[in-house]
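Here is a short report on a ligand and the protein around it. Take a look at the sequence and the model first.

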Amino acid sequence: MQLQGKVAIITGAASGIGKEIAFEYAREGALVVIADLSGDAAAATAQEITQAGGTAMGVTMNVTDEAQVDAGVAQVMAAYGRVDILISNAGIQIISALVDFKFEDWRKLVAIHLDGAFLTTRACMRAMIQCGNGGTILYMGSVHSHEASPLKAPYVAAKHALIGLAKVVAKEGAKDRIRANVICPGFVRTPLVDKQIPEQAKALGITEAEVIKNVMLKETVDGEFTTTQDVAQTAIFLAAFPTSALTGQSITVSHGWHMQ
Ligand code: NAD
């Protein structure tokens, strides 16, 4: 029980990586907040966790909506009286060559990844400072926080930017014992990735099997996908770490695709 009694807000936690982290955090004793676009999906995930013996609540939160983010964090403070951990995880992918990228798609992706990270960070830092217990903020970066791939201009740019944000939060948060780090996974089989396999195949003119082997897993040491469990275990390690020795860092879990 490495996170006993800690209140953890996880954005985008009704699916994929965020959902796995929510389940693992609950197993470690955390009170988990599933913050996602659809209140119904968030409530359903929270109910699954409760049925499995954990403690969880669902919150409707579009991370690009300032009022909804602030209201969601206020709802958590009213229910649990504290916020200890934020995992800024909500994200999307849009695949297109840069010369064809629609401006509205660029803005949409950057808003979810970056405006969302800023708004949730600001609301949670305010709550953490008010509580006086310190805190941990984890950003879901990517190997694309360090490396580039074609067809992903706004995603790569936004994921790189999260490292800069985490470094500022590490510096500004230190006096209140708030730490900030970035997790950088390789490809994980979630709905986000399942959707882009046929899209990449079409854009690159190759088969879906070739996308997996020659694009997604080509640079790994063993040709394997990273799993949601790999990412969840990293998120536990970073949140449970006891001191500010580990702050302002990014840690990559990618089967050796990216080595720092
Ligand atoms: P997913 O599609 O399974 O889950 C994403 C979740 O985010 C969904 O529940 C969705 O409803 C939610 N979401 C989308 N827009 C939102 C918004 N505006 N406000 C609140 N919630 C919103 O995707 P995933 O693969 O689990 O991705 C989670 C994070 O991990 C993303 O930031 C993604 O970039 C990152 N990531 C994924 C991979 C991968 O290979 N799957 C690799 C590296 C990083």
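## Polar contacts

In this predicted model, Thr190 places a polar side-chain atom 2.5 Å from an oxygen atom of the ligand. Asp36 does likewise: one of its polar side-chain atoms is 2.6 Å from a ligand oxygen. Asn62 pairs with a nitrogen atom of the ligand instead. Here an N or O atom of the Asn62 side chain lies 3.0 Å away.

How much of the ligand does the protein bury? Alone, the ligand exposes 830 Å², and the protein buries 92% of that.

## The pocket and its helices

The ligand takes up the space of the largest pocket. Four helices each give two or more residues to the shell around the ligand: helix 1 (16-27), helix 4 (103-131), helix 5 (153-173) and helix 6 (191-204). Helix 6 provides the largest share, three residues.

## The shell

In total, 27 residues surround the ligand. The closest are Ser15, Asp36, Tyr155, Val188 and Thr190. By type, the shell holds 14 nonpolar, 11 polar and two charged residues.

Which domains supply the shell? Domain 1 (7-187 + 226-253) gives at least three residues. Domain 2 (189-224) also gives at least three.

Notes: Residues numbered from 1 in each chain as written. Predicted model: local features only at pLDDT ≥ 70, side-chain atom pairs only at ≥ 80, totals over all residues. Heavy atoms only, no water. Near = heavy atom within 4 Å. Polar contact = N/O pair within 3.5 Å; in protein donor to acceptor, adjacent residues only side chain to side chain. Areas by Shrake-Rupley, 256 points an atom, 1.4 Å probe, with all protein chains shown as cover. 1 Å grid on protein atoms, 1.4 Å probe; cavity = no way out; pocket = protein on both sides within 12 Å on 5 of 7 lines; lining within 4 Å. Sits in = over half its atoms within 2 Å of the grid points. Nonpolar A, V, L, I, M, F, W, Y, C, P; charged D, E, K, R; others polar. Domains from an automatic or database assignment.
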